[in-house]
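Good morning, and thank you for making time for this short report. I would ask you to keep the model in view while I speak.

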Amino acid sequence: MRIALDPQMLRDVPLLELPDEVARMGYEWIELSPREDLVPFFKHPRTDTATVRAFKSRLADAGVGITSVLPVMRWSGPGEVERQAAVRYWKRAIEICVELGVDTMNSEFNGRPEAPELAEAMFWRSMEELLPLFEREGLKLALEPHPDDFIELGHPAIDMVRGIDSPCVSFLYCTPHTFHQGDDAPGIIAHAGELLTHVHVADSMDHRASDGLRYITNPPGNTTRVHQHMEIGRGDVDFDEAFAALAGIGFDGVLTTCVFGWDDQARESGTRMLQAIRELVTKHFPDTTPS
């Protein structure tokens, strides 16, 4: 089992300095989420091969590995122009992943929840183009449902992954999305079983609490999705329940610290999260020593 850091709160650290910064926080692994100087949200990657190779060298010097690269593109629309562009951007991101020597990419279903059939059709069209490339390059792909995607619930997302029916595609469970996925961590994790290869770890408040008045957004009845990515213990996620379920399926994948929104405490927060995750692993996986 590996514990990685999503360095989103370190996005202002220059790319080539990032490995040393992460190593100083005690991590041996990074999950490369979108950043403007590498693979931005919804855009073509912003780096060249020379920089990628220099980054790979800095990672080796720091003793830090990359568990996965996480692009987020509009491969499920909402329009065909956006979908075609997203496929082009994905192809370049795949090239970068291969150059880095990374064997896994993570992503979201994306697409619009108010038009799920159209979004699904576009998703499958994109997969028809990209899945052969993943398989040819020996890359794995872990998919997660995200609030405001065309698939938001955990159980249907697992069924979609199973329907792709490729040994290179698996499921990612995101704990801060617990209350948007159906508030059923044990059931979703058990349903995923061996398909679950990656977990994003952060806390979140239950937006449904207090008769739906914990968060008030206007106008009433709008479809805004509200959640946070906080440190363990600051929200309502039951981590003992989730980690017991992970132990129940013999999980042996990647646990990524995904705390956002506290840039002024980025380093301290990352260190605290590493310790908190290790304690949960020790409690629920007593025979495992995570790296």
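**Charges, cavities and aromatic rings**

I begin with the exposure of one lysine: at a relative accessibility of 36%, K43 counts as partly exposed. What you see is a predicted model, and every value I quote is computed from it.

K43 has a salt bridge to E36, with 3.8 Å between the closest N and O atoms. E36 counts as exposed, at 52% relative accessibility. Directly before E36 in the numbering is R35, and its side chain meets that of D37 in a salt bridge of 2.6 Å, N to O. Here the arginine R35 is buried, with a relative accessible area of 6%, whereas D37 is partly exposed at 29%.

These belong to a wider set. How many salt bridges does the structure hold? The total is 21. As a general matter, side chains of opposite charge can pair when their charged atoms come close.

A further example is the salt bridge between D236 and R214, whose closest N and O atoms are 2.5 Å apart. This pair links distant parts of the chain: both residues lie in the loop between α8 (209-212) and α9 (239-248), and they are 22 residues apart. Both partners are partly exposed, D236 at 35% relative accessibility and R214 at 32%. Salt bridges can also share partners, and in this way R112, E114, D148, E152 and R225 are joined into one network.

I turn now to empty space. Rolling a probe the size of a water molecule over the atoms shows where empty space is left. The largest pocket holds about 350 Å³ of space. Its lining comprises 20 residues, and those nearest the centre of the pocket are Q8, S33, P34, F41 and F260. Sorted by class, the lining of this pocket has 7 nonpolar, 7 polar and 6 charged residues.

Besides pockets, there are cavities. A search of the whole structure finds 2 of them at 30 Å³ or more. The largest cavity contains about 70 Å³ of space. Which helix gives the most to the lining of the largest cavity? It is α10, residues 266-284, with 4 residues. The residues lining this cavity include L5, D6, M9, L10, T257 and V259, together with A266, S269, G270 and M273. By class, the lining has 7 nonpolar, 4 polar and 1 charged residues.

The second largest cavity has about 40 Å³ of space. P7, Q8, R11, L32, S33, P34 and R35 line it, which by class gives 3 nonpolar, 2 polar and 2 charged residues. R35, among these lining residues, is the buried arginine of the salt bridge with D37. Q8 also appears in the lining of the largest cavity, and Q8, S33 and P34 are among the residues nearest the centre of the largest pocket.

Next, the cysteines. How many disulfides does the count come to? The answer is 0. Consider C174 and C258. The sulfur of C174 has its closest cysteine sulfur in C258, and because the two are 6.1 Å apart, they are too far for a bond. For reference, a disulfide requires the sulfur atoms to lie within 2.5 Å. Both residues are buried, C174 at 1% relative accessibility and C258 at 1% as well.

I close with the aromatic rings. The structure holds 8 aromatic pairs. In one of them, F123 and W124 have ring centres 6.0 Å apart and planes at 70°, so this pair is edge-to-face. F123 is buried, with a relative accessible area of 0%, whereas W124 counts as partly exposed at 29%.

F123 also pairs with F150, in a tilted arrangement with 6.0 Å from centre to centre and 55° between the planes. Because F123 lies in helix α4 (residues 116-137) and F150 in the loop between β5 (140-144) and α5 (154-164), the pair ties together parts that are 27 residues apart in sequence. F150 is buried too, with a relative accessible area of 8%.

Which residues form one aromatic cluster? They are W75, W90, F109, F123, W124, F134 and F150.

Note on methods. Residues numbered from 1 in each chain as written. Predicted model: local features only at pLDDT ≥ 70, side-chain atom pairs only at ≥ 80, totals over all residues. Heavy atoms only, no water. Salt bridge = Lys/Arg side-chain N within 4 Å of Asp/Glu carboxyl O. Buried < 20%, exposed > 50% of the residue type's maximum accessible area, 1.4 Å probe, protein only. Helix = DSSP H or I, 4+ residues; strand = E, 2+ residues; numbered from the N terminus. 1 Å grid on protein atoms, 1.4 Å probe; cavity = no way out; pocket = protein on both sides within 12 Å on 5 of 7 lines; lining within 4 Å. Points joined across faces, edges and corners; volume = space filled by probe spheres on them. Nonpolar A, V, L, I, M, F, W, Y, C, P; charged D, E, K, R; others polar. Phe/Tyr/Trp six-rings, centres within 6.5 Å; stacked < 30°, edge-to-face > 60°.
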